[in-house]
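The exercises below are meant to be worked with the coordinates open. Each task is followed by a solution that proceeds step by step.

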Amino acid sequence: MSSSPVMSSPPINIVEELQVITAQNLEKLEVSKYYEVIRELGKGTYGKVDLVVHKIRGTKMALKFLKKKTTKLRSFLREYSISLYLSPCPFIINMFGIAFETDDYYVFAQEYAVAGDLFDIIPPQVGLPEPVAKRCVHQVGIALDYMHYKKLVHRDIKPENVLIFDRECRKVKLSDFGMTRRAGSPVKRVSGTIPYTAPELCGAAEPAEGFCVEPATDVWAFGVLLFCMLTGNFPWEKALPTDAFYEEFSRWQRARRVGGGPVPSQWRRFTDEALRMFRKLLSLDPQRRCSVKEVFRHFGRCWMVDSEVGISVGAAAAAGGGSGSVMGSHQGALSSTSEEDEEDEDLLVDRMKQQTLSPVVCGGPKGGAMETGSPQGHHYTTVVGMPPGGYERMPRDNTSGSRILVTTPIEICV
Ligand SMILES: Nc1ncnc2c1ncn2[C@@H]1O[C@H](COP(=O)(O)OP(=O)(O)OP(=O)(O)O)[C@@H](O)[C@H]1O
């Protein structure tokens, strides 16, 4: 029996039990003995992710290395166990059931996402085509809804944590559960604020003050993610009154109750339907914020004004002008235009919720994707002083002020 600290109290649920079992079986290994390292896939706050090939089986895997210097054993065990617990969901990165330690790192193995992460394919200032964005939102939405059903909150929703298997987003998976906690559990304030951080976490509370983990913070980040995907910009740098972009948005949100106000300039590219959805996802009051499922109700309609114009010129006339009825053909495989599709959606989510857990030691990834060989470097460059609204990779602890992509600001023109 291990004398690990995780053994001190009896396990109260399956995730904790997984942590105990993993701690008992954590072996010290030399990576080069079993794996050939092909290249680095990415770097994060706490370590790195390498693409490797298992020397005996020839299987490609992504090994996540967490530095022992900055990662407690308990944190590693929690991230690994939560990832394993959630991996039966088809839209969450799969696990190999392999965890070990080296002299300097704690390590676990994940399936390899051949096309990298979502950040790499969002064209800055432009955004993804609406059908591609919707396809991605659909899958991430199901993953997040699944997590919330399991009473877990991701707490680090951003494009870098959405892994992709093709550039058309036909297969995407949510990853990185290092920040994930059980809903309702108390946590300390995280230092640094990124554009995805919900206003209730950016704001008034003293730095030392704690929070209760709530799914509503994921819903907010999901709303910001949608904006980024569709525009290639952040809506604001921080959800604080000192941020002019955020202030304009929150004024518009508050004005709703007194008859509405002008739509902020950055948001005018969205259709009324999309604006209705954003208002619910990005409700300033976490108590009034909708659930992730809300987006599923809006798939059948156009979200971008441009694509609405495109459709009205073409097929809409033939369809008698009912814009809702023609979106399906325009939006390709993803769109759900009828109640029937919404029912399919609910069925899929329900079926996943009923899934039982896979065993602790499992086989390879579920889906066999073709490797595209897309290069996956993280282009970290330090460029200080980027204007708000630009689009860049966001390290979790964004206190350094380092910048990645230099872009021009969006002007506020009211
Ligand atoms: N399974 C995978 N397949 C392909 N690329 C991956 C995989 N896992 C991670 N990556 C790449 O490595 C990057 C960092 O991974 P990850 O987010 O898990 O690390 P992290 O240290 O938790 O990062 P952060 O501090 O930004 O949250 C990802 O953004 C992605 O580009």
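**Exercise 1: a buried arginine**

Arg289 is buried, with a relative accessible area of 7%, in what is a predicted model. Task: establish where Arg289 lies in the chain, and which residues it is in contact with.

Solution. Begin with the class: Arg289 counts as buried because its 7% falls under the 20% limit. Next, place the residue, which lies in the loop between helix 8 (272-281) and helix 9 (305-313). Then list its partners, leaving aside neighbours within four places in sequence: Arg289 is in contact with Ala198, Pro199, Glu200, Ala216, Thr217, Val219, Trp220, Lys280, Leu281, Ser283 and Leu284. Finally, look at one of these partners in detail, since the backbone oxygen of Ser283 lies 2.8 Å from a polar atom of the Arg289 side chain.

**Exercise 2: the ligand shell**

Task: determine how many residues surround the ligand, and which are the closest.

Solution. The shell holds 21 residues, and the closest are Thr45, Lys64, Asp117, Glu160 and Asp176. Sorted by class, this shell contains seven nonpolar, six polar and eight charged residues. Strand 2 (35-43) and strand 4 each contribute at least two residues to it.

Now consider individual atom pairs, each joining a polar side-chain atom to an oxygen atom of the ligand: the separation is 2.7 Å for Lys64, 2.5 Å for Asp117 and 2.6 Å for Asp176. As a last step, turn to the area: on its own the ligand has 620 Å² of accessible area, of which the protein covers 97%.

**Exercise 3: Lys67**

Task: decide whether Lys67 is buried, exposed or partly exposed, and identify what it touches.

Solution. The relative accessible area of Lys67 is 34%, so this residue is partly exposed, the value lying between the limits of 20% and 50%. Lys67 belongs to strand 4, which spans residues 60-67. Not counting residues up to four places away in sequence, Lys67 touches Thr45, Tyr46, Gly47, Asp104 and Tyr105. The C-alpha atoms of Lys67 and Lys48 are separated by 8.5 Å, although these two residues are 19 residues apart along the chain.

**Exercise 4: the nonpolar cores**

Task: describe the largest nonpolar core, asking which residues have the most contacts inside it.

Solution. The largest core has 89 residues, and Leu118, Phe222 and Trp236 are those with the most contacts inside it. Helix 6 (residues 215-231) supplies the largest share of this core, namely 11 residues. A second, separate core has 10 residues, including Val52, Met61, Leu63 and Phe100.

To see one member of the largest core in its surroundings, take Leu118: leaving aside neighbours within four places in sequence, its contacts are Leu128, Cys136, Pro159, Val162, Ile164, Cys169, Leu225 and Met229. One of these partners, Cys169, leads on to the next exercise.

**Exercise 5: backbone angles**

Task: find where Cys169 and Arg155, neither of them a glycine, lie in the chain, and state what phi each has.

Solution. Cys169 has a positive phi of about 60° and lies in the loop between strand 8 and strand 9 (172-174). This cysteine is buried, with a relative accessible area of 0%. Arg155 has a positive phi of about 70° and is found in the loop between strand 7 (152-153) and strand 8 (162-164).

Technical notes
Residues are numbered from 1 along each chain as its sequence is written. This is a predicted model: local features need pLDDT of at least 70, side-chain atom pairs count only at pLDDT 80 or more; totals for chains, interfaces and linings use all residues. Side-chain values use heavy atoms; hydrogens and water are left out. Helices (H or I, at least four residues) and strands (E, at least two) are DSSP runs, numbered from the N terminus. Buried means under 20% relative accessible area, exposed over 50%, partly exposed in between (1.4 Å probe, protein chains only). Contact means heavy atoms within 4.5 Å. A nonpolar core is a set of buried Ala, Val, Leu, Ile, Met, Phe, Trp, Tyr and Cys residues joined through side-chain atoms within 4.5 Å. A residue is near a molecule or strand if one of its heavy atoms lies within 4 Å of it. A polar contact is a pair of N or O atoms within 3.5 Å; within protein, one must be able to donate a hydrogen and the other to accept it, and residues adjacent in sequence count only if both atoms are side-chain atoms. Accessible areas come from the Shrake-Rupley method with a 1.4 Å probe; for residues, only the protein chains shown count as cover. Ala, Val, Leu, Ile, Met, Phe, Trp, Tyr, Cys and Pro count as nonpolar, Asp, Glu, Lys and Arg as charged, and the others, Gly among them, as polar.
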